[in-house]
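Reader: I'd like a close look at a single part of this one. Let me put it up first.

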Amino acid sequence: MWALANADRSIVGEHYTSVGEFFGIQRQRPFNAAYRELGDSEICGEFDTDEEHVADLRQTHELVLGGTHLFDGRFREAYARLLPALLDLEAREELGRARRAWDVVGTSASVPRALAGYPRAIGRRVEPRRERTVRISYSLSCAWSTPTAVRVRAGCALLAIVQLLERSGYRVCLSWAIARFGEGATAPSICCEIELKPFGALVDPYAYGFLIAARSPLFHVGSWWMNRFPDQPCAFEGEGTSVTYDPERDAAMRAWMRSRGVVWLAVSQIAGELACDPARMLDFVFAEQRAIERGE
């Protein structure tokens, strides 16, 4: 775990390298000053996971840590609808370039062999090309009433793009994030990131599909952390307001993520302007990557 902070953009938070690390640290923390009296009283009850199921704090934590098949069928259906569009993207030029794994960095001649007429007198020195990496932070930012089907479609489209990038030679790190703010224009935004898929790991919907698609983690994970985060600026009303509902804060968060080399994607953005369309999503990821490489 390490602290996240950017004074210029008024952002504070924490990054966790795994779900296990996140829970291990929170379970040892006392309530912060803002929630010392309230504690977990507002979030310890049951919240919807989807339109048919509910979970209390303990159950949500078990499902997040242990994985669940609750959304397997819905993820498979969503992926089947995306498959034709994904197959069309396989021939994209950016993806093809990433597949070339070796570069010729020099040549050397064997003079005696060349004079003797041997065809392999010129040797080539090759080195593995530096692997291209993509870091994505997926913000669980949408209205509580957002249907589970929309959450599943957005999450499935994201995981499909991650898989496509990795099949094409990119290395992808995917994190789950919440970013909120409370009352007061000067109060900082808070952000919590948890790595779901580190570089080199396979995409695993069973392991983190619940975090991506269910509703209860907004409170049972996001607010649970918020109640213990040492730099929490104040007690929020409910779970606070997502930064995506404030254009200035959202722009500041996106700019800060870019400065860290991270592509910032939100549920509301994928389901809205990107329409869960793999081609649009890939265009957006590559545009953000170019901005990151230019240092914008």
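How do the axes of helix H2 and helix H8 cross, and within what distance do they come?

Author: Quick groundwork: this is a predicted model, where local features need pLDDT of at least 70, side-chain atom pairs count only at pLDDT 80 or more, and totals for chains, interfaces and linings use all residues. Residues are numbered from 1 along each chain as its sequence is written, and side-chain values use heavy atoms, with hydrogens and water left out.

Now your pair. H2 covers residues 57-66 and H8 residues 217-226; their axes come within 9 Å and cross at roughly 85°. Those axes are lines fitted to C-alpha atoms over the stretch in contact, with angles running from 0 to 180 degrees between N-to-C directions. Helices here are DSSP runs (H or I, at least four residues), numbered from the N terminus. H2 and H8 are therefore roughly perpendicular to each other, a label given to angles of 65 to 115 degrees.

Who's touching whom? On the H2 side you've got Leu57, Thr60, His61 and Val64, and they meet Pro217, His220, Val221 and Trp224 of H8; contact means heavy atoms within 4.5 Å. An α-helix has 3.6 residues a turn, so residues three or four places apart point the same way. By type, the residues of this contact split into five nonpolar, three polar and no charged.

H8 itself is mostly covered, with ten of its ten residues buried, that is, under 20% relative accessible area with a 1.4 Å probe, protein chains only. Among them are Phe219, Trp225 and Met226. For the whole protein, 48% of the 296 residues count as buried.

Definitions and conventions:
Helices (H or I, at least four residues) and strands (E, at least two) are DSSP runs, numbered from the N terminus. Angles under 35 degrees count as roughly parallel, over 145 as roughly antiparallel, 65 to 115 as roughly perpendicular and the rest as oblique. Ala, Val, Leu, Ile, Met, Phe, Trp, Tyr, Cys and Pro count as nonpolar, Asp, Glu, Lys and Arg as charged, and the others, Gly among them, as polar. Buried means under 20% relative accessible area, exposed over 50%, partly exposed in between (1.4 Å probe, protein chains only).
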